[in-house]
Amino acid sequence: MTRLAKLEQWKGTLNKCIRCGYCYEHCQIYKSSRWEIDSPRGKLILLYGLLSGEVEPSDYVANKLFECFHCNRCQKACSSGVPIQEVYADAREFFLEAGFDVVGTTSQTNHDLCARCLNCVRMCPHEARSFIDGKIVTDRLKCQSCGSCLDICSEKAITIGRGFGTNPDELQQAVKSFFSQNRNAKAVVFSCSWSTYPGFQTASFGEQEDDPEALTLITVCSGRLGAHTVLETLLQGAWGVLICCCPEKDCEHGGSRRAKARIGTLLKTLEQIGIDPRRVQISEVAQGNTKLFSDTRQRFMEEIRRLGPLQAGGSL
Amino acid sequence: MILAELKPIEEILSYLGGAERVLLVGCHGCVTVCGAGGQKEVDLLADTLELALKARSQTIKIGKRTLERQCDAEFLTEMLQEAKQFDVILSLACGAGVQLVAEKAGSLRVLPALNTTSIGVAEQKGQWGERCQACGDCKLPLTGGICPVTRCSKSLLNGPCGGSSQGLCEIGNGTPCGWQLIIDRLEATGCLDQYETILEPADWSSARDGGPRKLIREDLK
């Protein structure tokens, strides 16, 4: 157990966790699976067991620790002030050094598909991707699972193994279900985990989770939302799409800037094909600004209702 | 690599006319590397076309394929079989790829979705720059590894001209003066004396001026 030495320092800190569960609702991983083991609290208990010898180190445990979107909301919500991300960081280091097979939510590259264009290496905001021995390799400690590389790849060679509802195919599936099950469905709001989502979770916005007109989906960082997903959403029958991102200066992943550039190009395309560009909007919402999120969403929905459905013979 | 970018969608739509069955064909080569014609771009263009026509109450059948390279006939075979079910092939390859597909597609119309812009390199993330005009008579050994034909806006073989100011070319846009780059590079590599050599007028017959060029390798036949 000497290899656990670095983790030993956190034993007292782990004792501070009073199991209040305030971290639960802030975690996209837990919100998606609803399993205790996927919550920050569950992971701390897992580490506690590891240190007490009641839990054996394994690939399973290692992967749990690497399943994280690094939004840090859990740490901010912790009533006991446990530095969750620091504890995770040491645990991850231990598991990698011990040679466990870890993927978690880190981005992975299918080498058979990869064109070695290196665009993902150059743009990774965390310098987590490198070209080594002819392959793109992810530094799993540096990767923050922001997913910025997902839409960069022209070969669709980059994946995040478990997206917890945030991978492009999961988002598209959720959109498809929403429009097939709600007769009043009108719009989709893609929301960044860092800024708007915490506001979305507060009590006054609780009802929006069941809004039959607008589906709110979490994208982790807006920079990972591809134009393809937006177009697919319109093709599924959405009257409009709203993307809420952090102010550029606040985004740790450069994602807001990329999202705005991407959507800007898309808007020009929509205009050229005769579709009112007001149907797709991107808006900056600072972390915790629940009022701005609510107002933006409301304004957008009013505009979308005015524009009506996107259909032949109707308003474009 | 060959650099290319997507044509404006309204231009693509105007070429397509009333085609109801369109096969989109991407290329895993250069256009994937510069993010213009890979699988992702094929998907994106397919969705855009579908949305454009849906909004006009028109129907469109779209097929999608991305080939290893469109500039080698062997990679086209399967795609051309599938293409028989379509009215038009819309190629997301460079101009060379589009032309080879058109040569092999018989009576089927083949249209380009991209504008091929240059031969160049990745300068930084999300930015590529032209480096070669394929003149067929490489001057790089004499110019510090910087091409005067490409990097000098006037393609001067003995520069700079009077339009060079503080390292920049008079055409603006922050374009560096190619000859300033050459002189700086010659100096940095201790070869500035090469600058004294006057380059003879180029024989442009090896470039485009000699008509379409062929490369023949008997040893590979």
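## Elements and model

Helices and strands here are DSSP runs, numbered from the N terminus; a helix (H or I) has at least four residues and a strand (E) at least two. The model is predicted.

By that count, chain A has 13 helices and eight strands. Two of the strands, β2 (129–132) and β3 (135–138) of chain A, are linked by a loop that contains A:Asp133.

## Chain A: overall form

The C-alpha atoms of chain A fill a box of roughly 70 × 50 × 35 Å along the principal axes. The radius of gyration of chain A is 21 Å; a compact globule of 316 residues would have one near 20 Å, so the two agree.

Of the 316 residues in chain A, 45% are buried. Contacts in chain A also reach along the sequence. Among those with a separation of 6 or more, 74% join residues 24 or more positions apart.

## Chain A: domains

The domain assignment splits chain A into domain 1 (2–97), domain 2 (107–160) and domain 3 (168–307). The C-alpha centres of domain 2 and domain 3 of chain A are separated by 25 Å. Six residues from domain 2 of chain A and ten residues from domain 3 of chain A take part in their contact. On the domain 2 side, three of these residues are nonpolar, two are polar and one is charged.

## Strand β7 of chain A

Strand β7 of chain A covers residues 240–245, and six of its six residues are buried. Side chains in a regular strand alternate between the two faces of the sheet. In β7(A), A:Gly240, A:Leu242 and A:Cys244 point one way. A:Val241, A:Ile243 and A:Cys245 point the other way. Both sets are buried.

Which strands pair with β7(A)? Strand β5 (residues 187–191) of chain A runs parallel to β7(A) and is joined to it by five bridges. Strand β8 (residues 280–284) of chain A also pairs with β7(A) in the parallel sense, over five bridges. Individual partners can be named. A:Phe190 is bridged to A:Ile243 in β7(A). A:Leu242 has A:Gln281 in β8(A) as its bridge partner.

## Positive phi in chain A

Two non-glycine residues of chain A deserve a look. A:Asp133, in the loop between β2(A) and β3(A), has a positive phi near 50 degrees. Is A:Asp133 buried or exposed? A:Asp133 counts as exposed, because it has 5 C-beta neighbours inside 10 Å, and the cut-off for exposed is 12 or fewer.

A:Val220 also has a positive phi, near 65 degrees. This residue belongs to the loop between β6 (214–218) and α11 (227–235) of chain A. A:Val220 is buried: 31 other C-beta atoms lie within 10 Å, and the cut-off for buried is 20 or more.

## Chain B: domains and sheet

Chain B is divided into domain 1 (2–118) and domain 2 (135–210). The C-alpha centres of these two domains of chain B are 37 Å apart.

Chain B has an open sheet of three strands with antiparallel pairing, in the order β1-β6-β7. Its edge strands are β1 (2–6) and β7 (127–132) of chain B, each of which pairs on one side only. On average, neighbouring strands of the sheet are turned by 70 degrees against each other, direction ignored. Strand β6 of chain B spans residues 114–124 and runs antiparallel to β7(B), with five bridges between them. One bridge partner is B:Gln127 in β7(B), matched to B:Gln124.

## A cis peptide in chain B

Which residues does the cis peptide bond join? They are B:Gly159 and B:Pro160, with omega about 5 degrees. B:Pro160 sits in the loop between α6 (148–151) and α7 (178–188) of chain B.

## Contact between the chains

Chain B gives 23 residues to the contact and chain A gives 24 residues. On the chain B side, α1 (9–16), α2 (30–33) and α3 (39–55) of chain B each supply at least two residues. Which element supplies the largest share of that side? The answer is α3(B), with twelve residues. By class, the chain B side has seven nonpolar, seven polar and nine charged residues.

Technical notes. Residues numbered from 1 in each chain as written. Chains lettered and ligands numbered in written order. Predicted model: local features only at pLDDT ≥ 70, side-chain atom pairs only at ≥ 80, totals over all residues. Pairing = 2+ DSSP bridges. Axes fitted to C-alpha atoms, helices over the stretch in contact; angles between N-to-C directions. Domains from an automatic or database assignment. Contact = placed C-beta atoms within 7 Å. Nonpolar A, V, L, I, M, F, W, Y, C, P; charged D, E, K, R; others polar. Rg over C-alpha atoms; globule rule 2.2 N^0.38 Å.
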